[in-house]
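Colleague: Before I rely on this model, I should like to ask how its descriptions were reached. Could you show me the structure and then take my questions in turn?

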Amino acid sequence: MTSLITLKGVNKYYGDYHALRDIDLTINEGEFFSLLGPSGCGKTTLLRTIAGFESVSDGVVMIGGKDMAGVSANLRPTNMVFQSYAIFPHLSVAENVAFGLRKRSDLDKAAKQALVDDALDMVGLGGFGARAAHALSGGQRQRVALARALILKPKVLLLDEPLSALDKKMREQMQVELIRLQRHVGITFILVTHDQEEALVMSDRIAVMFEGRIGQLDDPETLYRRPNSRKVAEFIGKMNFLKADVKAVGDVIDLDVAGLGKVRVAAEQAPEPMNTGPAVAGIRPETLAVLFDGETTVRKLVDGVVDEVVYYGDMTYYDVRIAGVAQPLNIAMKNLIGRPVLEVGEKTRVVWDERSLVVLR
Amino acid sequence: MSLRIYAIAYLIFLYAPIVLLPIFAFNDATIIAFPLAGFTTKWFDALMTGNALHAAVKNSLMIAATTAVLATLLGICAARAGAMYKFPMKAGIMGFIMLPLVLPEIIVAVSLLVVVVQILNLGLSNWTIIAAHVLICTPFSIAILNGAFQNLDPSMEEAAMDLGESRFSAFRLVTLPLVMPGIISSMLIAFTISLDEFIIAFFLSGASPTMPVYIWGLLRFPASLPVVMALGTILVALSIVLLTIAEVLRRRGLARAGVQDKGGFL
C-alpha cells in the first residue's frame, strides 16, 4: 500500500482555541478512511485542512508527495461532498455535475456530456440530467453531490457527514452504495462522521478523535474489540466497566476484577504500556450472556439478579446486578427460538469469558 | 360580515385619493370638483410641452438611477457581511444602519442642509440630493438583500472553489445569480423611493428642482392643477409597475433558490 496523504505535526489554532493538536496521520491510496468523534472534536477542521479551506497553524500536509502549503482549495487534487450538499439551486442536475469541467478546455461539448452521463449513471441518477436541482429529494441531492465531486477524478474524495441529513433507512442504503462506489472507482475516501456504526460499517480504518487529538487509529474490528482507552470504549458501542487491580504484567496480565474475582488475560488485551495498580476491566454486553434454565456452559458463571429488562424485538437488553459491583452489568441477548424473556427481580447466572475483557487505565 | 364592511371601508379610505387622480386628470375643467365636465387628454398634452417640467423629470430620473445603484451596492456589502460573517457588536451595528428607516425625513433634511451648507460649505446640487437619498434608501436595500443573502448556503461558494473556481469566479458563478433577483428588486425600490421623495429634495435641491419639487411649485397656480393630476397619474402607474416587478423578482429568486417564501418586504 502506498501512502497518499501525510500529515505531520499539524496544529490549528482559532485565537486561543486549539482545534487540532499534533496530528500525525498517513492515509493510503484507495483506502476508505473515517474520522470519527463527537461534535467539536476537530474532525471537520481536519477534513477542511486537507481540502484547503483551512490553513494549518503549524505542521505539514502532503498529498501525493507534494507539500500543500499555500495551495488553495481549487488547485488541490481533492473534492468534497458537503454536509448540506451545496447543490447549486439555479442550475440543472447536469449543469451541477458539469460545473467542475468548466476549466477543462481540452474536452469538447460532447465529451463533457458523455462524462456527465457516466457520472450520473454511476450514482444511479441516469436520465435525471435535465431536472432542476432544487426539486430533488435529500437522497438525490446527495447523489448529485457525489457525481459532481467524482467527475473530476480526484485523488481523494472528502465527505463531511454526508449521510446525517437522511432518514435511517435511506442512510443505511447509502452506506452500502458508498462502499460499492468506493470499490468501483478506487479513489481514496475520507469520511467525517459522529455515527460510530456508520464508521464501523464503511471504513477500512478509523481515526477516533477527541479534543483535537487522535485517540486511536485502527481497523474497525480492532477498534471495537481492543479500544485503547476508556474514552474510545465509551464512544464506540456499549461497554461495561468494572473496577480492577492489576497485580502482574508480563506475557500475561493478572488482575483482580470487582465482581468477577481473579482473572488472567493475554498481554494484547491491554494497551501498551500497562502497569500494575488500579485499572478498569471493560466487557461488551454481547460477550456476556444470561444462562437460562436447562442450558449448560463450560465458561465461567457469576450469580446475579435481573434489575432491568429492555425488549427490542430481535434483542433483549438486561441489567443484571452482581455482588460487589455498584453498576449492574448490561447484557445483550438475541431472542432465539424457545428463549424466555426474564422478569425484573428474577435470579439468574451471568456467563462471561476472560478473553473478551479489555484492561484499560 | 362586519369584518368585510370594515375591510371595504378601509380600502376605500386608502385608495380613494389615488383613484381621484386619473379621474380629474381626464376631466375637461380647470376646477377640481364634481360633477365631471367631460373627457379630455389636453392636460397630458400640456405635460408634453413644458420644458421646465422635462428638465425636472430628467433630473429626477438621473438622481433616482444613481441612488438606486449606490444604495444597492452599499446594501450588498452590508447584507453579505451580515449573513456570512460574525463580528463583535453585529446586532447593534446592523440595527444602527437601519435607523434612517424610522427617522422623520424632515429631520434628516434639515440636518443634512446644516451639514452641507454650514459645516462642509458646499453648494447645493443634485449630488447633495443623491447623498441624502442614498442615506434613506440603503436601509430598504439592506432589508431586501438580507433575505437574498440569508437564504444562501455558505458552503455554496466553497463548493464552487472546491470544483476549481477562484474566489471571485465562485462569487460570480454561484452567489451573484442567486442574489440577482434581490439586487434588481432593491434597485427598483430605491429608484421608486428616490423618484417620489419630496421633503429632502425640497431642502437640498440647488438651482434645478426635482420633479416632486417642481410639482409643488406648480400648485401655486390653480390653473395648472389638472396638469399636476395628469403627472400624478403617470407617477402612480409607474410606481405600481416598478414595485410589482420588484416583488415578482423577489419571489422568483426565492423559488430559484428552492426556499419557502416567509413573507416579503412588500
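Modeller: The secondary structure of chain A amounts to eight helices and 20 strands. Please bear in mind throughout that this is a predicted model.

Colleague: What makes up chain B, in helices and strands?

Modeller: Chain B has eleven helices and zero strands. Read from the N terminus, its elements run α-α-α-α-α-α-α-α-α-α-α. The C-alpha atoms of chain B fill a box of roughly 70 × 60 × 35 Å along the principal axes, and those of chain A fill one of roughly 75 × 50 × 35 Å.

Colleague: What share of each chain counts as buried?

Modeller: In chain A, 40% of the 361 residues count as buried. In chain B, 33% of the 266 residues do. As for contacts between residues at least 6 apart in sequence, 66% of those in chain A join residues at least 24 apart, and the corresponding figure in chain B is 76%.

Colleague: How is chain A divided into domains?

Modeller: Domain 1 covers 3-225 and domain 2 covers 285-351. Taken over C-alpha atoms, the centres of these two domains of chain A are separated by 42 Å.

Colleague: How do you know that the length of helix H5 of chain A agrees with its number of residues?

Modeller: Helix H5(A) comprises 18 residues, 168-185, and at 1.5 Å a residue it should span 26 Å. Its end C-alpha atoms lie 26 Å apart, so the span agrees with the expected value. After this helix comes Gly186(A), which has a positive phi near 70 degrees.

Colleague: Why are the buried residues of H5(A) said to line one face?

Modeller: The buried residues of H5(A) are Met174(A), Leu178(A) and Gln182(A). Viewed down the helix axis, they fall within an arc of 70 degrees, and therefore they line one face of the helix. An α-helix has 3.6 residues a turn, so residues three or four places apart point the same way.

Colleague: What covers that buried side, and which residues are on the face turned away from it?

Modeller: The cover over the buried residues includes strand E3 (32-36), helix H4 (138-150), strand E8 (188-193) and helix H6 (196-202) of chain A. The face turned away from the buried side carries the exposed residues Lys169(A), Val176(A), Arg180(A), Arg183(A) and His184(A).

Colleague: What makes strands E1 and E2 of chain A a pair?

Modeller: Pairing requires at least two bridges. Eight bridges join E1(A), residues 3-14, to E2(A), residues 17-28, so the requirement is met. The two strands run antiparallel. One of the bridges has Val10(A) partnered with Ile23(A) in E2(A). The strands form a hairpin with two residues between them, and Gly15(A) in the turn has a positive phi of about 60 degrees.

Colleague: Why is Asp22(A) called partly exposed, and Tyr85(A) buried?

Modeller: A residue is buried with 20 or more other C-beta atoms within 10 Å, and exposed with 12 or fewer. Asp22(A) has 15, which lies in between, so Asp22(A) is partly exposed. Tyr85(A) has 25 such neighbours inside 10 Å and therefore counts as buried.

Colleague: What is the phi of each of these residues, and where does each lie?

Modeller: Asp22(A) has a positive phi, near 45 degrees, although it is not glycine; its place is in strand E2 of chain A. Tyr85(A), likewise a residue other than glycine, has a positive phi near 75 degrees. Tyr85(A) is in the loop between strand E6 (78-81) and helix H2 (93-98) of chain A.

Colleague: Which residues of chain A does a cis peptide bond join?

Modeller: The bond joins Glu272(A) and Pro273(A), with omega about -15 degrees. Pro273(A) lies in the loop between strand E13 (261-266) and strand E14 (277-283) of chain A.

Colleague: How many residues of the two chains are in contact, and what supplies the side of chain B?

Modeller: In this model, 17 residues of chain B are in contact with 18 residues of chain A. Helices H7 (155-162), H8 (167-196) and H11 (225-257) of chain B each supply at least two residues of the side that touches chain A. H7(B) gives the most, with six residues. By type, this side of chain B divides into eight nonpolar, four polar and five charged residues.

Notes:
Residues are numbered from 1 along each chain as its sequence is written. Chains are lettered from A and ligands numbered from 1 in the order in which they are written. This is a predicted model: local features need pLDDT of at least 70, side-chain atom pairs count only at pLDDT 80 or more; totals for chains, interfaces and linings use all residues. Two residues are in contact if their C-beta atoms, placed from the backbone, lie within 7 Å. Helices (H or I, at least four residues) and strands (E, at least two) are DSSP runs, numbered from the N terminus. Ala, Val, Leu, Ile, Met, Phe, Trp, Tyr, Cys and Pro count as nonpolar, Asp, Glu, Lys and Arg as charged, and the others, Gly among them, as polar. The expected span of a helix is 1.5 Å times one less than its number of residues. The arc is that of the directions from the helix axis to the C-beta atoms. Domain bounds come from an automatic or database domain assignment.
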